Amino acid sequence: MNALGFNMAAEVPENPLIPPIPELVIGLVAFFIVFGFLAKKLLPNINKVLDERRTLIEGRMEEAEALQAEAQQVLADYRAQLADARHEAARLRQEAQEQGATLIAEMRAEGQRQREEIIAAGHAQIEADRKQAAQALRQDVGKLAVDLAGKLVGESLEDHARQSRTIDRFLDDVEAKAASDATKAEAGR
């Protein structure tokens, strides 16, 4: 025996990985007590919190799916309204083009009609001016012819009826000669 009172020969070297049996039993009993306490007290609270979170997450997922479905419906409605608006805009644009073409055609017709009226009024005015000028020329030529004839004959031709007949005959002869000259000129072309 040695001074410490241990028998050296009787001592078997102990394996450090294998704990002594009484410590192992006490450790297992303590583990089961702690595990039982945790299973009875903490596990229901943990499961309750997990269930609440699962329910909340599922509720939010269902809400998100409902919102997504609603968003899809709103998007479909928006696209339908946009397509309707485009069709309406195209229809209005087509109507405006048709109305514009009709208005242009009406304005052209009105312009053509006004042009024809202006031309007709111009021709009428020219004809009236020509007749007035011919009448004034006839009177002037007649007066000159009467004065000249009076000087040639040596007597006054003051009788208006005779004067008028003489002037008319003279001018008719001049006009007939001018017309025959114009006809010959046109035939020569």
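Here are a few short exercises on this predicted model, each with a worked solution.

**Exercise 1. Get the overall picture: how many helices and strands are there, and what share of the residues counts as buried?**

Start with secondary structure: the protein has two helices and zero strands. One of them is helix H1, covering residues 21-153. Next, look at burial: just 3% of the 189 residues count as buried. Finally, take the surface: the accessible area comes to about 16800 Å², and carbon and sulfur atoms account for 62% of that.

**Exercise 2. Find the residues that make the nonpolar surface patch of about 920 Å², and classify Ile21 as buried or exposed.**

Go through the members: Ile21, Leu24, Val25, Leu28, Val29, Phe31, Phe32, Ile33 and Phe35 make up the patch. Ile21 sits in helix H1. Its relative accessible area is 61%, and the cut-off for exposed is over 50%, so Ile21 is exposed.

**Exercise 3. Work out which kinds of aromatic pair Phe31 forms with Phe32 and with Phe35.**

A search of the whole structure turns up two aromatic pairs. Take Phe31 with Phe32: the ring centres are 5.7 Å apart and the planes make 65 degrees, which is edge-to-face. Now Phe31 with Phe35: here the centres lie 6.0 Å apart with planes at 20 degrees, so this pair is stacked. Phe31 and Phe35 are about one helical turn apart because they are four residues apart in helix H1. Put the pairs together and you get a cluster of Phe31, Phe32 and Phe35.

As for accessibility, Phe32 is exposed at 55%, while Phe31 is partly exposed at 49% and Phe35 is partly exposed at 48%.

**Exercise 4. Count the salt bridges, then describe the ones made by Asp51, Arg91 and Arg115.**

A bit of background first: side chains of opposite charge can pair when their charged atoms come close. With a 4 Å cut-off between nitrogen and carboxyl oxygen, the count is seven salt bridges.

- Asp51 pairs with Arg54 at 2.7 Å, N to O. Both lie in helix H1, three residues apart, about one turn of the helix. Asp51 is partly exposed at 39%, as is Arg54 at 45%.
- Arg91 pairs with Glu88, with the closest N and O atoms 2.2 Å apart. Again, Arg91 and Glu88 are three residues apart in helix H1. Glu88, Arg91 and Glu95 are linked in a network of salt bridges.
- Arg115 pairs with Glu116, and their closest N and O atoms are 3.4 Å apart. Arg115 is partly exposed at 42%, and Glu116 is partly exposed at 40%.

How values were computed:
Residues numbered from 1 in each chain as written. Predicted model: local features only at pLDDT ≥ 70, side-chain atom pairs only at ≥ 80, totals over all residues. Heavy atoms only, no water. Patch = residues over 30% accessible without salt bridge, like charges linked within 9 Å, V, L, I, M, F, W, Y side chains within 5 Å. Areas by Shrake-Rupley, 256 points an atom, 1.4 Å probe, with all protein chains shown as cover. Salt bridge = Lys/Arg side-chain N within 4 Å of Asp/Glu carboxyl O. Buried < 20%, exposed > 50% of the residue type's maximum accessible area, 1.4 Å probe, protein only. Phe/Tyr/Trp six-rings, centres within 6.5 Å; stacked < 30°, edge-to-face > 60°.
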